[in-house]
Amino acid sequence: MLQTRMQAKCDKIFSVPVSIMAIEDSKTYRIRDMRDEDISQVLQIDLDAFPTQWPHPTFTSYHHELRNKLAHYIVIYRANEPQPPAVEKPPAEGSPRALSFIRRLFNHGGFFGLGKPSQPTEYLAGMAGIWMMVDEAHMVTIAVRKAHKNQGLGEWLLISVIELAMRLNARVVTLEVRVSNTIAQKLYEKYGFTKAGTRKKYYSDNGEDALIMTTGDLTSPEYRLKLEQLAQSHRGRYSYCYSGT
Ligand SMILES: CC(C)(COP(=O)(O)OP(=O)(O)OC[C@H]1O[C@@H](n2cnc3c(N)ncnc32)[C@H](O)[C@@H]1OP(=O)(O)O)[C@@H](O)C(=O)NCCC(=O)NCCS
């Protein structure tokens, strides 16, 4: 995934259609565009899914991302669920208390007149995002809370990201993934991603290499058929009720 995030300030023009899936004891999930009020939960998901990532995304960085014309983020959520308790990253070993306090302020958007993020009304289980660069959709993040892994949510997010990329006229979806992250690689391979190269020492936390993976041509009838078949199989496997609107 990308290490830096562009901070352009333009309005978004795209909106994902809401689709619905009921899994996990009939609990219904939906996918929609990410909004400002999601940021506090998105930060929790980030921390849960990428605990070693540094610097960690902040309220401010997502606030900018949601105004970046190139960026498109989606969330998978359940309605009418209580918000999970806030997860706070413990201060690093030997981290001064003042520094930890300042980090907390930044992480909660208390500076620069941004105010506190408003309370979310829905429970977010995962999120994903792309940057559109000409005809390439670069997937910058995809993550599901640990508590909801292995329930088909990551796959549904990936299907939605690829469909979103197609609607935005992307020819390919590309991404970086840690060489050690074989779980994510399996998911990507299932959706036709293949290894296109390596970025040496890409991850600053441990100096790990990144694999660059890319889909085939999204506009080809073969890829569209493959995606449709995989999406159908996913709906059949996980849904009691799954509909697009
Ligand atoms: C990668 C991630 C998003 C997958 O989400 P998930 O909801 O757990 O995955 P799903 O249940 O939808 O599984 C979809 C596919 O992923 C792969 N997969 C998921 N869990 C796996 C596991 N434990 N072992 C091997 N493959 C696995 C399989 O290909 C699976 O398809 P299958 O069920 O037909 O075998 C999730 O593990 C995650 O959030 N990881 C931490 C963040 C991360 O690494 N993101 C990727 C950064 S590049």
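A residue is counted as near the ligand if its C-beta atom, placed from the backbone, lies within 6 Å of it. In this predicted model, 19 residues surround the ligand. The closest are Lys 149, Gly 154, Glu 155, Lys 186 and Leu 187. Three elements each supply at least two residues of this shell: strand 5 (136-144), helix 4 (153-167) and helix 5 (182-190). Helix 5 gives the most, with 5 residues. By type, the shell divides into 10 nonpolar, 5 polar and 4 charged residues.

Helix 4 also takes part in the interior. The largest nonpolar core has 48 residues. Ile 74, Met 127 and Val 161 have the most contacts inside this core. Helix 4 gives the most to the core, with 9 residues. The contacts of Val 161 can be listed, leaving aside its neighbours within four places in sequence. They are Ile 74, Ala 128, Ile 130, Met 139, Ile 142 and Val 173. Ile 74 thus appears both among the core residues with the most contacts and among the contacts of Val 161.

Helix 4 packs against a further helix. The axes of helix 4 and helix 6 (residues 221-238) come within 11 Å. They cross at roughly 150°, and the crossing is left-handed. On the side of helix 4, the contact is made by Glu 155, Trp 156, Ile 159 and Ile 162. Helix 6 contributes Leu 227, Ala 231 and His 234. The residues of this contact divide into 5 nonpolar, 1 polar and 1 charged. Glu 155 is named in this contact and also among the residues closest to the ligand.

Several loops carry notable backbone geometry. The peptide bond from Trp 54 to Pro 55 is cis, with omega near -5°. Pro 55 sits in the loop between helix 1 (39-49) and helix 2 (59-65).

Two asparagines have positive phi values. Asn 150 has a phi of about 60°, although it is not a glycine. Asn 150 is found in the loop between strand 5 and helix 4. For Asn 169, phi is near 65°, again positive in a residue other than glycine. Asn 169 lies in the loop between helix 4 and strand 6 (172-178).

Are these asparagines buried or exposed? A residue is exposed if 12 or fewer other C-beta atoms lie within 10 Å of its own. Asn 150 has 8 such atoms within 10 Å, so Asn 150 is exposed. Asn 169 has 12 within 10 Å, and therefore Asn 169 is exposed.

Terms used. Residues are numbered from 1 along each chain as its sequence is written. This is a predicted model: local features need pLDDT of at least 70, side-chain atom pairs count only at pLDDT 80 or more; totals for chains, interfaces and linings use all residues. Helices (H or I, at least four residues) and strands (E, at least two) are DSSP runs, numbered from the N terminus. Ala, Val, Leu, Ile, Met, Phe, Trp, Tyr, Cys and Pro count as nonpolar, Asp, Glu, Lys and Arg as charged, and the others, Gly among them, as polar. A nonpolar core is a set of buried Ala, Val, Leu, Ile, Met, Phe, Trp, Tyr and Cys residues joined through C-beta atoms within 7 Å. A residue is buried if 20 or more other C-beta atoms lie within 10 Å of its own, exposed if 12 or fewer, and partly exposed in between; C-beta atoms are placed from the backbone. Two residues are in contact if their C-beta atoms, placed from the backbone, lie within 7 Å. Axes are lines fitted to C-alpha atoms, for helices over the stretch in contact, and angles run from 0 to 180 degrees between N-to-C directions. A crossing is left-handed if the near helix is turned anticlockwise from the far one by less than a right angle, and right-handed if clockwise.
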